[in-house]
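Please look over the model shown here. The notes below it take the sheet and a few chosen residues in turn.

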Amino acid sequence: MRTLLPTEARNRWKKLLREVSEDLEDVRIHLKGGKGIVMMSQDTYESLMATLEVMSDPEAVLAIRRHKAGLGKKYSMAEIDRLIRETA
């Protein structure tokens, strides 16, 4: 992740927006006091939020661990579609 000062970010704002949105490159803007903000694309943000949602569900985490251990159940696409409709 690239780090910029606020002045650098302001001077390159349009180019920075394009780089972040098209290249999916996150950028940290360093603020006084050692704090900062992170600029990321909407796709990256949505992916991060989806991951956090899954990882905050203990049952989902257990299912992932079981799958990685080779203990997961395989589903056909028809079964997945049915399960999604049932839980919606």
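This report covers a small set of local features, starting with the sheet.

## Model

The structure is a predicted model.

## The sheet

Three strands form an open sheet. Their order is β1-β2-β3, and the pairing is mixed. β1 spans residues 2-4 and β3 spans 36-39. Both stand at the edges. Each has a single partner strand, so one side of each is left without a neighbour in the sheet. Neighbouring strands are turned by 25° against each other on average, direction ignored.

β1 and β2 run parallel. β2 covers residues 27-30, and three bridges join β1 to it. One bridge partnership links T3 with R28 in β2. Helix α2 packs on this sheet and touches β1, β2 and β3. The direction of α2 makes about 60° with that of β3.

## E19 in helix α2

Helix α2 runs over residues 13-23 and includes E19. Is E19 buried or exposed? Its relative accessible area is 12%. The cut-off for buried is under 20%, so E19 counts as buried.

Which side chain does the side chain of E19 meet in a polar contact? The partner is the side chain of R12, at 3.2 Å. R12 also appears among the residues that E19 touches, once residues up to four places away in sequence are left out. The others in that list are R2, L24 and E25.

## G72 between two helices

G72 sits in a loop. On one side of the loop is α4, residues 58-68; on the other is α5, residues 77-87. The relative accessibility of G72 is 34%. Partly exposed covers the range between 20% and 50%, so G72 counts as partly exposed.

Which residues does G72 touch, not counting those up to four places away in sequence? They are R66 and H67. For a longer span, take L83. G72 and L83 are 11 residues apart along the chain. Their C-alpha atoms are separated by 16 Å.

## A63 in helix α4

A63 belongs to helix α4. Its relative accessible area is 44%. That value falls between the cut-offs of 20% and 50%, so A63 is partly exposed.

How far apart in space are A63 and Y45? The C-alpha to C-alpha distance is 24 Å. In sequence, A63 and Y45 are 18 residues apart.

Note on methods. Residues numbered from 1 in each chain as written. Predicted model: local features only at pLDDT ≥ 70, side-chain atom pairs only at ≥ 80, totals over all residues. Heavy atoms only, no water. Helix = DSSP H or I, 4+ residues; strand = E, 2+ residues; numbered from the N terminus. Buried < 20%, exposed > 50% of the residue type's maximum accessible area, 1.4 Å probe, protein only. Polar contact = N/O pair within 3.5 Å; in protein donor to acceptor, adjacent residues only side chain to side chain. Contact = heavy atoms within 4.5 Å. Pairing = 2+ DSSP bridges. Axes fitted to C-alpha atoms, helices over the stretch in contact; angles between N-to-C directions.
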